[in-house]
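Trainee: Please take a close look at one part of this model with me, and then follow it outward into the rest of the chain. I would like one connected account, with the cut-off given for each term.

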Amino acid sequence: MGDFCTVVWRGEKYRVECTPSYLLSLACKIAEAECMPYPEIYRQILNSVEGEYRGIRRLVSTMLSEK
């Protein structure tokens with residue numbers, strides 16, 4: 001089983017497989033449903049994943065600095 005990550009789309013959080021191929025597949029499905037270009041959707045998904053983990057890194061860093 002692969003790693004999972006959190007993707008935020010339209011304000012909702014989804015736990016999805018965190019592989020480039022799965023995220024691209026997800027972007028294509030969303031793009032088709034929303035009549036948008038898939039590269040734009042893919043970019044938004046990647047930014048969402050990066051934002052989630054940036055926040056987690058800050059939290060862990062803060063917790064470790066308090067020890």
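Mentor: Let us begin at the hairpin of β1 and β2, which has two residues between its strands and in which R10 takes a positive phi near 55°; strands here are DSSP runs of E with at least two residues, helices are runs of H or I with at least four, and both are numbered from the N terminus. This is a predicted model, in which local features need pLDDT of at least 70 and side-chain atom pairs count only at pLDDT 80 or more, whereas totals for chains, interfaces and linings use all residues. Residues are numbered from 1 along each chain as its sequence is written, and side-chain values use heavy atoms, with hydrogens and water left out.

R10 is found in the loop between β1 and β2, and its positive phi of about 55° occurs although R10 is not a glycine. Most residues other than glycine have a negative phi. At 59% relative accessibility, R10 counts as exposed (exposed is over 50% relative accessible area, buried is under 20%, and partly exposed lies in between, with a 1.4 Å probe and protein chains only).

On either side of this loop, β1 and β2 run antiparallel and are joined by six bridges (two strands pair if DSSP finds at least two bridges between them). One of these pairings sets V7 opposite Y14, its bridge partner in β2. T6 has its place in β1, which covers residues 4–9, and is buried because its relative accessible area is 14%. The side chain of T6 makes a polar contact with the side chain of R15 at 3.0 Å (a pair of N or O atoms within 3.5 Å, where within protein one atom must be able to donate a hydrogen and the other to accept it, and where residues adjacent in sequence count only if both atoms are side-chain atoms). Leaving aside neighbours within four places in sequence, T6 is in contact with K13, Y14 and R15, and also with S48, V49, E52 and Y53 (contact means heavy atoms within 4.5 Å).

From T6 we can therefore cross to S48, which is buried with a relative accessible area of 13%. S48 lies in helix α2 and touches T6, V7 and V8, not counting residues up to four places away in sequence. In α2, I41, I45 and V49 are buried as well as S48, and what covers the buried residues of this helix includes β1 and α1.

The hairpin strands also contribute to the largest nonpolar core, whose twelve residues are C5, V7, W9, V16, L23, L26, A27, I30, A31, I41, I45 and V49 (a set of buried Ala, Val, Leu, Ile, Met, Phe, Trp, Tyr and Cys residues joined through side-chain atoms within 4.5 Å). At least two residues of this core come from each of β1, α1 (20–34) and α2 (38–65), and α1 gives the most, with five. In soluble globular proteins, nonpolar side chains tend to be buried together. W9 touches Y14, I30, E34, I41 and Q44, again not counting residues up to four places away in sequence.

Turning to α1, its buried residues L23, L26, A27, I30 and A31 fall within an arc of 135° when seen down the helix axis, so they line one face of the helix (the arc is that of the directions from the axis to the C-beta atoms). They pack against β1, β2 (12–17) and α2, whereas S21, K29, E32 and A33 are exposed on the other side of α1. For K29 the relative accessibility is 56%.

The end C-alpha atoms of α1 are 21 Å apart, which agrees with the 21 Å that its 15 residues should span at 1.5 Å a residue (the expected span is 1.5 Å times one less than the number of residues). Just after α1, C35 takes a positive phi of about 55°; C35 lies in the loop between α1 and α2 and is exposed, with a relative accessible area of 73%.
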